[in-house]
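Good morning. I will go through one protein model today, starting with the whole and ending with a few side chains. Please keep the picture in view while I talk.

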Amino acid sequence: MVIFTPPCAPAVLNAYSTVPLLPEVRTSVLHDYNIGSFARFHQPESVISIHDRPDFHGLSHLEIRIRLDSEDKKEEFAIIDKNTAESHAL
């Protein structure tokens, strides 16, 4: 017997940029993330929401975590830095 379960809504991963984000880098990150998200199950397990907040530019991961905590945002997040475009990794 085979049971099919309806797809769940994908989880949202917030990503914050530590450098000014060029449109082509944003497009590249979205493209690469979507390919990885679809790779195993052919449906997104998660989607990425990119935030280019100037007040986060130049900050470390810890400094961003502290600021997000003060805004009562406790969820996990990814960092987009100056190496993201070349490494294709968050």
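Accessible areas here come from the Shrake-Rupley method with a 1.4 Å probe. By that method the surface of this protein comes to about 6300 Å², and carbon and sulfur atoms hold 60% of that surface. Bear in mind that this is a predicted model.

How confident is the predictor? The average pLDDT of the protein is 87, and 88% of the residues score at least 70. Among the elements, α2 has the highest mean pLDDT, 97. The lowest mean, 84, belongs to helix α3, residues 84–87.

Now the overall layout. The protein has three helices and three strands. Going along the sequence, the pattern is β-α-β-α-β-α. There are 90 residues, and 28% of them are buried. If you take the contacts with a separation of 6 or more, 68% are between residues 24 or more positions apart.

Next, the inside. Which residues make up the largest nonpolar core? There are 10 of them: Leu13, Ala15, Leu21, Val25, Val29, Tyr33, Ile48, Ile50, Ala78 and Ile80. Four elements give two or more residues each to this core: β1 (11–17), α1 (23–38), β2 and β3 (77–80). Helix α1 provides the largest share, three residues.

Take Ala15 as one member of that core. Leaving out residues up to four places away in sequence, Ala15 touches Ile48, Ser49, Ile50, His51, Ala78 and Ile80. There is also another core, apart from the largest one, with seven residues. Tyr16, Ile64, Phe77 and Ile79 are among them.

Tyr16 brings us to the aromatic rings. A pair of aromatic rings is described by two things, the distance of the centres and the angle of the planes. How many aromatic pairs are there? The count is two. One is Tyr16 with Phe56, where the centres are 5.3 Å apart and the planes are at 65°, an edge-to-face arrangement. This pair links distant parts of the chain, since Tyr16 is in strand β1 while Phe56 is in the loop between β2 and α2, 40 residues apart. Both of these residues, Tyr16 and Phe56, are buried.

Then there is Tyr16 with Phe77. Why is this pair called edge-to-face? The ring centres are 5.8 Å apart and the planes of Tyr16 and Phe77 meet at 75°, so the pair is edge-to-face; the cut-off for that label is an angle over 60 degrees. Here too, distant parts of the chain are linked: Tyr16 is in strand β1 and Phe77 in strand β3, 61 residues apart. Phe77 is buried, as is Tyr16. Tyr16, Phe56 and Phe77 together form one aromatic cluster.

Let us move to the loop between β2 and α2, where Asp52 is found. Is Asp52 buried, exposed or partly exposed? Its relative accessible area is 27%, so Asp52 counts as partly exposed; the partly exposed range runs between 20% and 50%. What does Asp52 touch, beyond residues up to four places away in sequence? The list is Ser17, Val19, Pro20, Leu21, Arg26 and His57.

Two of these partners deserve a closer look. The side chain of Asp52 makes a polar contact of 2.6 Å with the side chain of His57. A polar atom of the Asp52 side chain also lies 3.2 Å from the backbone nitrogen of Leu21. Asp52 and Leu21 are 31 residues apart along the chain, and their C-alpha atoms are separated by 6.4 Å.

Arg53 lies in the loop between β2 (46–51) and α2 (61–70). Its side chain is joined to the side chain of Asp55 by a polar contact of 2.9 Å. Setting aside neighbours within four places in sequence, Arg53 is in contact with Tyr16, Ser17, Leu68, Glu71 and Lys73.

Last, one residue in helix α1, Asn34. With a relative accessible area of 32%, Asn34 is partly exposed. Asn34 and Ser46 are 12 residues apart along the chain, with 8.5 Å between their C-alpha atoms.

To recap, the pattern is β-α-β-α-β-α, the largest nonpolar core has 10 residues, and Tyr16, Phe56 and Phe77 form one aromatic cluster. That is the end of the talk.

Methods:
Residues are numbered from 1 along each chain as its sequence is written. This is a predicted model: local features need pLDDT of at least 70, side-chain atom pairs count only at pLDDT 80 or more; totals for chains, interfaces and linings use all residues. Side-chain values use heavy atoms; hydrogens and water are left out. A polar contact is a pair of N or O atoms within 3.5 Å; within protein, one must be able to donate a hydrogen and the other to accept it, and residues adjacent in sequence count only if both atoms are side-chain atoms. Contact means heavy atoms within 4.5 Å. A nonpolar core is a set of buried Ala, Val, Leu, Ile, Met, Phe, Trp, Tyr and Cys residues joined through side-chain atoms within 4.5 Å. Buried means under 20% relative accessible area, exposed over 50%, partly exposed in between (1.4 Å probe, protein chains only). pLDDT is the predictor's confidence in each residue, from 0 to 100. Rings of Phe, Tyr and Trp (its six-membered ring) pair if their centres lie within 6.5 Å; planes under 30 degrees apart count as stacked, over 60 as edge-to-face and the rest as tilted.
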